[in-house]
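Okay, thanks everyone. Let me put the structure up and walk you through a few parts of it.

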Amino acid sequence: MLEGKAVVRETDMPHAMQSHAMELAYKALDLHEVSDCRSIAHHIKQKFDEAYGSAWHCVVGKNFGSCITHLCGTFIFFHVEMMEFLIFKDGKDSTESREEAIGVLQMESQDSDDA
């Protein structure tokens, strides 16, 4: 397990859900090898689906880029030491209008800004 403190880089989740996400990340790191990112991500996704309904996604790894569409209030990107966690829910189950429900976020490695 990684021993560092979770640091949130970006989020629009309610505080309680953020805490739950980080708690699940620590639990997944306890249960799986740090190098087994797929199992860590699957564990977190499964627990979020159980707690908050289906359509959650989880990406775990080091130094990755992403461009996602997510429901407002369901996004968090944080890291524990060098391991990054991206958790979000897509809009497939939304009953709100597209404009009300969707948030779009693009993230790239800081290295690409130097190019």
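Before we start, one term: I'll call two strands paired if DSSP finds at least two bridges between them. With that in hand, β4 and β5 pair in the antiparallel sense, over five bridges. And keep in mind that this is a predicted model.

So, the overview. We have three helices and six strands in the protein chain, and reading along the sequence you get β-α-α-β-β-β-β-α-β. There are 115 residues, and buried ones make up 40% of them. Take the contacts between residues at least 6 apart in sequence: 61% of those join residues at least 24 apart. The accessible surface is about 6800 Å², with 49% of that belonging to carbon and sulfur atoms.

Back to the strands. β4 covers residues 76-80, and four of its five residues are buried, so the rest of the structure largely encloses this strand. One of its partners you've met already: with β5 it makes a hairpin with two residues between the strands, and Glu81 in that turn has a positive phi of about 55 degrees. Look for Val80 there, standing opposite Met83 in β5. The other partner I want to show is β1, residues 6-11, which runs antiparallel to β4 and is joined to it by five bridges. In that pairing, Glu10 stands opposite Phe77.

Now a residue in β5: is Glu84 buried or exposed? Glu84 has a relative accessible area of 10%, and the cut-off for buried is under 20%, so Glu84 counts as buried. What does its side chain reach? The backbone nitrogen of Asn63, at 3.3 Å. Leaving aside neighbours within four places in sequence, Glu84 also has a list of contacts that includes Arg9, Val60, Lys62, Phe64 and His79.

Last stop, helix α2, residues 37-52. From first C-alpha to last, its 16 residues reach 22 Å, close to the 22 Å expected at 1.5 Å a residue. The buried residues in α2 are Ile40, Ala41, His43, Ile44 and Phe48. Down the helix axis, those buried residues fall within an arc of 160 degrees, so they line one face of α2. The general background is that an α-helix has 3.6 residues a turn, so residues three or four places apart point the same way. What does that buried face pack against? The answer is α1, β2 and β5. On the other side of α2, Arg38 and Glu50 are exposed. And just after the helix, Gly53 takes a positive phi of about 90 degrees.

That's my tour. Over to you.

Notes: Residues are numbered from 1 along each chain as its sequence is written. This is a predicted model: local features need pLDDT of at least 70, side-chain atom pairs count only at pLDDT 80 or more; totals for chains, interfaces and linings use all residues. Side-chain values use heavy atoms; hydrogens and water are left out. Buried means under 20% relative accessible area, exposed over 50%, partly exposed in between (1.4 Å probe, protein chains only). Contact means heavy atoms within 4.5 Å. Accessible areas come from the Shrake-Rupley method with a 1.4 Å probe; for residues, only the protein chains shown count as cover. A polar contact is a pair of N or O atoms within 3.5 Å; within protein, one must be able to donate a hydrogen and the other to accept it, and residues adjacent in sequence count only if both atoms are side-chain atoms. The expected span of a helix is 1.5 Å times one less than its number of residues. The arc is that of the directions from the helix axis to the C-beta atoms.
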